[in-house]
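Please look through the chain shown here, and then follow the points below, which take its strands, its annotation and its surface in turn.

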Amino acid sequence: MSTYKLVCPHCNSRMRIRTSEGRHIFLRVAYLQCTTEACGWSVRAEFEMTHELSPSGMPNPEVHLPSANGDLRRAALPEAVE
């Protein structure tokens, strides 16, 4: 399982999530901070679930997202190693 790496656009260091809160079943608001003390950039971010790539094996009847089209499904695949 991979972890999403958040990178500071100013100094290219890792960012950490200081706190987050759920706003909706598909939306989470997070407050991020650069791990480089000299940079110190902080920002508010929103993480939203928008499309279903594959169905759940344990579906919740309250979850309704549009199915992803072929282009979105291909974009989610890891890049081929050359």
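In this predicted model, strand 1, which spans residues 15-24, pairs with strand 2, which spans residues 27-34, and the two are antiparallel, with eight bridges between them. Strand 2 also pairs in the antiparallel sense with strand 3, residues 42-48, through seven bridges.

**How the strands are joined**

- The link from strand 1 to strand 2 is a hairpin, and two residues make the connection between these strands.
- One position to find in this pairing is Gly22, which stands opposite Arg28 of strand 2.
- On the other pairing, that of strand 2 with strand 3, Leu32 has Val43 of strand 3 as its bridge partner.

**What the record says about this region**

- An unreviewed UniProt entry carries the annotation "domain: Zinc finger Ogr/Delta-type", and in that record the annotation covers residues 8-53.
- Across residues 8-53, the chain is 54% strand and 0% helix, while the C-alpha atoms at the two ends of this stretch are 28 Å apart.

**A nonpolar patch on the surface**

- Tyr4, Ile17 and Phe47 together make a nonpolar surface patch of about 340 Å².
- Phe47, one of the residues of this patch, is part of strand 3, the strand that pairs with strand 2.
- Is Phe47 buried, partly exposed or exposed? Phe47 has a relative accessibility of 35%, and therefore counts as partly exposed, because that class lies between the buried limit of under 20% and the exposed limit of over 50%.

Conventions: Residues numbered from 1 in each chain as written. Predicted model: local features only at pLDDT ≥ 70, side-chain atom pairs only at ≥ 80, totals over all residues. Heavy atoms only, no water. Pairing = 2+ DSSP bridges. Helix = DSSP H or I, 4+ residues; strand = E, 2+ residues; numbered from the N terminus. UniProt positions renumbered as here; feature names shortened; annotations may be inferred. Patch = residues over 30% accessible without salt bridge, like charges linked within 9 Å, V, L, I, M, F, W, Y side chains within 5 Å. Areas by Shrake-Rupley, 256 points an atom, 1.4 Å probe, with all protein chains shown as cover. Salt bridge = Lys/Arg side-chain N within 4 Å of Asp/Glu carboxyl O. Buried < 20%, exposed > 50% of the residue type's maximum accessible area, 1.4 Å probe, protein only.
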